[in-house]
Amino acid sequence: MEYIIIIISAIFVNNIVLNKFLGICPFIGVSGKVETSVGMSGAVLFVMTIATLVTYLIQNYILTPFGIGYMQTITFILVIASLVQLVEIILKKVSPSLYQALGIFLPLITTNCAVLGVAIMAGQQDLNLMESIVFAIANSIGFGLALILFAGLREHLDLADVPRPMKGVPIAFVVAGLLAMAFMGFAGIV
Amino acid sequence: MAKKESNLKNMLIALIAITLIASASLGGIYELTKEPIAAAKLEKKNNAIRQVIPEFDNSPTSEVYKQAVDGDTIYFYPGTMGDEPVGTAVETYSMLGFSGEIKVMVGFLPDGTINDVAVLEHEETPGLGDKMERKKSEWSLQFQGKNPESFRLSVKKDGGDVDAITASTISSRAFCDAVTRAYNTYKEINKK
Amino acid sequence: MDQLKNFTKGFIKENPVFALFLGLCPTLGVTTTAINGMGMGLATTFVLLMSNIVVALIKNFIPDKVRIPSFIVIIASFVTIVELTMQAYLPSLFEALGLFIPLIVVNCLVLGRAEAFASKNNLLSSAIDGLGMGLGFTFALTLLGAVREILGSGSIFGLKFIAGDGMLIFILSPGAFIALGYLIVIVNKLSKKGA
């Protein structure tokens, strides 16, 4: 039952992009097309889940017992950076076409505040190992949901008659705000 | 200006050197800031305690005792003036907030009357649920001087005596839940 | 480029938020008030300045293949220093900024400047670049924070000028997006007029 609450909260009520403002850079940068958004979401799902798992172990078996909690930022970001390198290497071998499609966005997952953010939040909310994994998976689904919805909206926007100064990023932000407003309707479910 | 060659030895030396220097500096800063950080945290707690119970001259935080309730913990900070107990500040919580957990500090006089309340943490909606904060509205003043034996700690809609915040019944209910939890635990402990 | 241009480019022409679209997460996340925006901006400026200086100093000792992880460790260290110092001496600002303080380490602005500028330029230029970009970032955040605070709470820097609440949507999530969208248009329009 707890897991359902974690999942609904992470995907809808406290959506990582639209509510917590994490992962905005790829949100604006990748959401031009629905295809790239799907690919990015998959990569984020993988990295976020494993990163949260590994950082959970580091936090609970190394940082806290040895009283070096202040090393959290450094160790967490190094874990994430290494994981992204790993994903790059694996992807190059296993699916070169997806690797090409993601291009520059793959190494950019390292600077995706959503990944680091989720890892830190899981620790702050005192979740156990299983709950942290569920939390990470749910958050990446929320990220993917926001990203793909937004990409769909942007593809339509490209064909709309937008005033010239607002074309591109500004109108994208305003539309993102409206999407965020829609998601606010989920508040209070959990 | 030639960069160092990227062979394994150089890479390892560079990374290890940087990490060692970084860790050492951070360790140093950590030691330097440890006390001010602890002092700041304590000050915040003391401010909340000072707000909810009458004047005291002891250090409630060093006489704290706690009780496990409903899966979480409630903390009791007793205040005394001289040798006379003046009240107990109870750090309580409720998971029923609109946006999650809320933490409240309730000050009880020795006879069980509520002296005052203060919100410690919440994520309720600005302009609605956040009116439970004293600096946002006077809503929480209604708890002052009330004794839960005669003042029913639930919103009027649920048959109680508490005026809910307009359009924020859920936040108001959560607040009542927190105060009730504090009172019930307080009564239970003082029976002993 | 001459140092004056180096310093001022971060304010309008190459403003990290309005022109380069870097560092957007904290821009949206903490700008519920002008003071929070300013605090975050200054904290980021400190990290940016210090990491640019360190990277420029030791860039010749870092083999090319490990430069990104090295930059990250350097940046993360300064972020932790900011974290600890703020927690000790500015606890209310620390609580207001919350999760976004450790997130300075993944602020694409900081890593971006280290990679694009500090690793290729001398100490003085890198320091001034860091300072200028950081202050430009602070300007953007303070401006957005001020707009959201005025419209959403009817106050500026904590001083209220109306009784009661403003248009609350602006201190909530959607308002951040919408306010930033319009602000980008306005700032860019104004800067083009002056240029």
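In the predicted model, A:G32 lies in the loop of chain A that connects α2 (24-30) to α3 (34-63). The residue is classed as partly exposed because 15 C-beta neighbours are found inside 10 Å of A:G32, a count that falls between the limit of 12 or fewer for exposed residues and that of 20 or more for buried ones. When residues up to four places away in sequence are left aside, A:G32 is in contact with A:A151 and A:R154. The C-alpha atoms of A:G32 and A:L153 are separated by 9.3 Å in space, although the two residues stand 121 residues apart in sequence.

Contacts between chains were examined next. The contact between chains A and C draws on 33 residues from chain A and 31 residues from chain C. On the side of chain A that touches chain C, at least two residues are supplied by each of α2, α4 (72-94), α6 (113-124) and α8 (169-184) of chain A, and the largest share, 11 residues, is contributed by α8(A). Sorted by class, this side of chain A, where it touches chain C, comprises 27 nonpolar and 6 polar residues, with no charged residues.

For the contact between chains A and B, 5 residues come from chain A and 7 residues from chain B. The side of chain A that touches chain B consists, by class, of 4 nonpolar residues and 1 polar residue, and charged residues are absent from this side.

Key
Residues are numbered from 1 along each chain as its sequence is written. Chains are lettered from A and ligands numbered from 1 in the order in which they are written. This is a predicted model: local features need pLDDT of at least 70, side-chain atom pairs count only at pLDDT 80 or more; totals for chains, interfaces and linings use all residues. Helices (H or I, at least four residues) and strands (E, at least two) are DSSP runs, numbered from the N terminus. Two residues are in contact if their C-beta atoms, placed from the backbone, lie within 7 Å. Ala, Val, Leu, Ile, Met, Phe, Trp, Tyr, Cys and Pro count as nonpolar, Asp, Glu, Lys and Arg as charged, and the others, Gly among them, as polar.
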